[in-house]
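User: Before I rely on any labels for this protein, I would like to see how each one follows from a value and a cut-off. Please take me through the reasoning step by step.

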Amino acid sequence: MCSRRHLLIRTGGLLALPATGLLHAKPPSTAPTASTAPPATPTVWPHALQVPGGVARLSLGPAATRPQAQVRQAEVDVPLLVVGDASEWTAVLGIALAAPLGDAHISVAQADGSGLRQLPYTVARKQYKEQHLQVSPRTVDLSPEDQARYERERDHQAGVMTTFTTPPAGQAPASLRMRVPVPGRRSSSFGLRRVFNGQPRNPHSGMDIAAATGTPIVAPLAGQVIDMGDYFFNGGTVWLDHGQGLLTMYCHLSSMDVRVGDVVKAGEAFCKVGATGRVTGPHLHWGVMLNRTMVDPALFIPA
């Protein structure tokens, strides 16, 4: 695997509103036309859903330059993705599945350098479903060798997850709306409480899309390959960096047609569906990460 250390750079839009205006009453017999129909409501991506595993969009107001915002996670200040322009900046915050309900806050650097101000938000309740699966016993009750391998891989990928790069001026995506990376049936949704062979495990941290082995997978946004490998649970895996802590992960692959450091365009095929790692059949496990937190990919794609 190529080195990725030089790729890791560590650094310390409001919700869409309905268009306003009064619609004049028309006689019941008058059919709507393009000129009389209400204007379409603009859509922002990702959709905001302030629940565990969801996304908050927090207005930072106008500023000449991009504000710096951060959130406290496990005693570490983690930088946040900030989108917009001088007229309006918005912090896009991933909320962990394990986040406590109720009041929380992020911190924003004051433009005059006088310190940080706190910006509050609230985490609401969401009930996720439970899923029972039967898999190979060796992937549930690990041998000492497999346990040691898993721990090495866990520590390595924890480092990958800290990636925070700032795209050069003019190269940030115009929209965070993502393409669905592979056609197919959504076989498992984000947040499901997983029970493997009768043993409860962590909730599902991505979206599973069922597809035949060898089906091409395309990049949902332009990004750079920052890690790839064959992992015990995830099988063939590729990570893409889309900038400012927005990462995507693709697991159980049969083929990885890129190298660390490659840049892929939105819609470009770069790997293929498989059934490697802990699986019950061929599918893509697709994960989306914001500020080191796995969030629901469904918030980034059309319904």
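User: What makes the largest nonpolar core a core, and which residues have the most contacts inside it?

Analyst: In this predicted model, the largest nonpolar core has 34 residues, and those with the most contacts inside it are Ile217, Leu246, Tyr250, Phe270 and Phe300. The set is called a core because its members are buried residues of nonpolar types joined through side-chain atoms within 4.5 Å. Strands β12, β14, β15, β16, β19 and β20 each supply at least two residues of this core, and the largest share, 4 residues, comes from β20. Apart from this core lies another one, of 18 residues, including Val71, Trp89, Ala99 and Val123.

User: Which residues does Ile217 touch, leaving aside those up to four places away in sequence?

Analyst: Among the residues that Ile217 touches are Tyr250, Phe270, Leu253, Val273 and Leu284, with Pro181 and Val182 also on the list. Contact here stands for heavy atoms within 4.5 Å.

User: Why is Gly223 called buried?

Analyst: Gly223, which is found in strand β14, has a relative accessibility of 7%, and the label requires a value under 20%, so Gly223 counts as buried. Not counting residues up to four places away in sequence, Gly223 touches Asp241, His242, Asp262, Val263 and Val264.

User: Gln244 and Arg292 come next; why is each given its burial label?

Analyst: Gln244 has a relative accessible area of 10% and is therefore buried, the limit being under 20%. Arg292, at 32% relative accessibility, counts as partly exposed, because that label covers values between the buried limit and the exposed one, which is over 50%. Gln244 is placed in the loop between β15 and β16, and its phi is near 55°, a positive value in a residue other than glycine. Arg292 is found in the loop between β20 and β21, and phi of Arg292, near 65°, is likewise positive in a residue other than glycine.

User: What makes the largest cavity a cavity, and which residues line it?

Analyst: The space is called a cavity because a 1.4 Å probe fits there but cannot get out. About 40 Å³ lies in the largest cavity, and the lining consists of Val78, Pro79, Met161, Thr162, Thr163, Phe164, Gly245, Asn291 and Arg292. By class, this lining has 4 nonpolar, 4 polar and 1 charged residues.

User: How do you know that the peptide bond between Trp45 and Pro46 is cis?

Analyst: Omega is about -5° for the bond that joins Trp45 and Pro46, and this bond is a cis peptide bond. Pro46 lies in the segment before β1.

Methods. Residues numbered from 1 in each chain as written. Predicted model: local features only at pLDDT ≥ 70, side-chain atom pairs only at ≥ 80, totals over all residues. Heavy atoms only, no water. Buried < 20%, exposed > 50% of the residue type's maximum accessible area, 1.4 Å probe, protein only. 1 Å grid on protein atoms, 1.4 Å probe; cavity = no way out; pocket = protein on both sides within 12 Å on 5 of 7 lines; lining within 4 Å. Points joined across faces, edges and corners; volume = space filled by probe spheres on them. Nonpolar A, V, L, I, M, F, W, Y, C, P; charged D, E, K, R; others polar.
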